[in-house]
Amino acid sequence: MLRDILSGKSSIDPSQLAGAAGLPSDPASISALMNQLQGALRGSGDGSINWDAALSQGQERAAQGQLDVTPAERAALDQAFHIASLWLDEVISVAELTTPPRLMTRKEWVTATMPLWTQLAEPVATSISDSLTRVLTDQAPEELKGMMAGAGQVMRSIGGTLFAMQLGQVVGQLSSEVVSGGDVGIPLLSDQQAALLPQNVAAFGEGLDVPADQVQIYLAVREIAHARLFRHSRWLRLHLISSITDFARGIHIDSSRLEQLADGFDPANPEELRAAMVDGSLIPPKSEAQLAALSRLETMLALIEGWVDVVTLEATSRLPRADAIAETVKRRRASGGPAESAFATLVGLELRPRRLREAAALWQAVADAVGNEKRDELWAHPDLLPSSADLDDPQALVARLTSSAAGAEPVLDEVDQALEDLLRDDDTERPHEV
């Protein structure tokens with residue numbers, strides 16, 4: 001069937017399949033899709049995923065409607081970055097960036113961030129390809145089992161290529177929605193690279209009735225704060241990315257649901273297939289371990305975004321319309337965009353943390369109690385960071401930090417107290433050496 005489709009001999013309309021897969025169905029896109037799939041069929045090899053398809057799709061999508069950075073935009077945003085750095089120096093104690101901030105077009109943003117997107121998506125893409133291969137093998141007649149190994153590699157390549165092209169479309173669409181490198185909360189760029197997308201910054205400010213320079217400074221403060229946090233906490237980027245990929249590895253595809261779709265698939269009406277891909281019904285409910293991992297991940301994302309919110313609020317207190325810009329950021333974050341929803345479906349992960357308000361309140365309470373420097377010291381090591389329990393009861397954390405700042409002995413939790421009691425008893429019972 002695949003060979004017939006790709007050779008044009010099948011009655012199945014490729015544009016309908018493209019639409020079902022969430023890909024553009026115009027003639028140029030269909031031609032590109034067929035070329036990619038034919039390449040996957042010819043060079044199936046070990047069944048590995050060709051992520052070049054994601055990059056080319058993303059760049060092509062980003063280039064639609066893209067505007068180049070003008071000299072006036074460059075001068076204004078360079079000035080905004082300079083002011084942002086000076087204002088942040090007054091309210092945070094984390095190190096300055098050693099790499100100059102960048103101004104990016106949408107296509108440049110896709111190119112720079114795609115390596116991390118593919119890293120985050122690969123576990124799910126592999127799971128989809130494995131499920132396709134498993135269904136194909138399980139349903140094959142006994143006399144054809146020996147032939148299925150080669151066909152399975154083809155299915156892995158085809159499935160992986162389709163997934164990569166979908167991811168490219170999602171990232172390409174995101175490039176028209178994000179305003180900066182850290183806009184989605186995860187460190188898409190290197191751990192000390194700040195970046196703004198001038199075209200999207202201008203679109204963000206439209207209709208706000210706020211002077212453009214205030215919008216530029218506010219967004220520059222948020223972006224530099226995000227980048228400086230990840231440079232200061234060297235462990236944070238790897239820790240966060242590892243948490244996301246560990247969560248993604250636990251995702252698998254419901255093979256029985258996939259078989260039902262295959263049995264009842266009507267090439268003339270691919271909407272059922274599209275609906276299953278969009279609503280996430282191919283991914284079974286999360287396991288207990290996944291739910292626990294997701295909770296930890298959401299807490300970490302909330303702590304990062306909450307800290308950025310708090311330091312941005314303080315650093316931009318000089319801006320007359322900072323409140324209006326902050327409110328727009330909150331509304332935008334709450335609603336998200338179509339590309340974020342698509343990414344959540346593809347990878348099974350919401351990019352926006354649920355407990356952001358509690359995290360921001362916690363960081364503000366800590367700063368009010370012990371100062372900004374002590375607040376920022378909590379990012380020195382993952383063991384020092386507030387926990388989900390601290391988000392529930394920030395005053396308990398404030399009490400511990402206040403007591404520690406006053407020189408009091410730290411109050412041990414149950415685990416630490418039990419460990420100290422065990423060590424004390426062991427030391428008491430051990431005979432003294434002569």
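A nonpolar core, as meant here, is a set of buried Ala, Val, Leu, Ile, Met, Phe, Trp, Tyr and Cys residues joined through side-chain atoms within 4.5 Å. Every view below comes from a predicted model.

**View 1. The largest nonpolar core takes in 98 residues.** Trp-109, Trp-117 and Trp-307 are the residues with the most contacts inside this core. Helix H13, spanning residues 288-315, is the top contributor and puts in 12 residues. For the wider setting, the chain runs to 434 residues, and 46% of them are buried. It has 20 helices and two strands. Look at contacts with a separation of 6 or more, and 83% turn out to be between residues 24 or more positions apart.

**View 2. Trp-307, Trp-363 and Trp-379 gather into one aromatic cluster.** The chain has four aromatic pairs in total. Zoom in on Trp-363 and Trp-379 and you have a stacked pair, with ring centres 5.4 Å apart and planes at 25°. The two partners come from distant parts of the chain, 16 residues apart: Trp-363 sits in helix H16 (residues 356-370), while Trp-379 belongs to the loop between helix H17 (372-377) and helix H18 (388-392). Neither ring's residue shows any surface: Trp-363 is buried at a relative accessible area of 0%, and Trp-379 is buried with a value of 0% too.

**View 3. H16 packs against helix H19 (residues 394-405), with axes coming within 10 Å.** Their axes cross at roughly 25°; angles under 35 degrees count as roughly parallel, so that is what we call H16 and H19. The crossing is right-handed. On the H16 side, the contact uses Leu-362, Ala-365, Val-366, Ala-369 and Val-370. H19 answers with Pro-394, Gln-395, Leu-397, Val-398, Leu-401 and Thr-402.

**View 4. Helix H10 (residues 234-249) packs on H13 with the axes 10 Å apart.** Here the angle is about 150°. Anything over 145 degrees counts as roughly antiparallel, and H10 and H13 are therefore described that way. This crossing is left-handed. H10 brings Trp-235, Leu-236, His-239, Leu-240, Ser-243, Ile-244 and Phe-247 to the contact. From H13 come Gln-290, Leu-294, Leu-297, Met-300, Leu-301 and Ile-304. H13 is also the helix that gives the most to the core in View 1.

Definitions and conventions. Residues are numbered from 1 along each chain as its sequence is written. This is a predicted model: local features need pLDDT of at least 70, side-chain atom pairs count only at pLDDT 80 or more; totals for chains, interfaces and linings use all residues. Side-chain values use heavy atoms; hydrogens and water are left out. Rings of Phe, Tyr and Trp (its six-membered ring) pair if their centres lie within 6.5 Å; planes under 30 degrees apart count as stacked, over 60 as edge-to-face and the rest as tilted. Helices (H or I, at least four residues) and strands (E, at least two) are DSSP runs, numbered from the N terminus. Buried means under 20% relative accessible area, exposed over 50%, partly exposed in between (1.4 Å probe, protein chains only). Axes are lines fitted to C-alpha atoms, for helices over the stretch in contact, and angles run from 0 to 180 degrees between N-to-C directions. Angles under 35 degrees count as roughly parallel, over 145 as roughly antiparallel, 65 to 115 as roughly perpendicular and the rest as oblique. A crossing is left-handed if the near helix is turned anticlockwise from the far one by less than a right angle, and right-handed if clockwise. Contact means heavy atoms within 4.5 Å.
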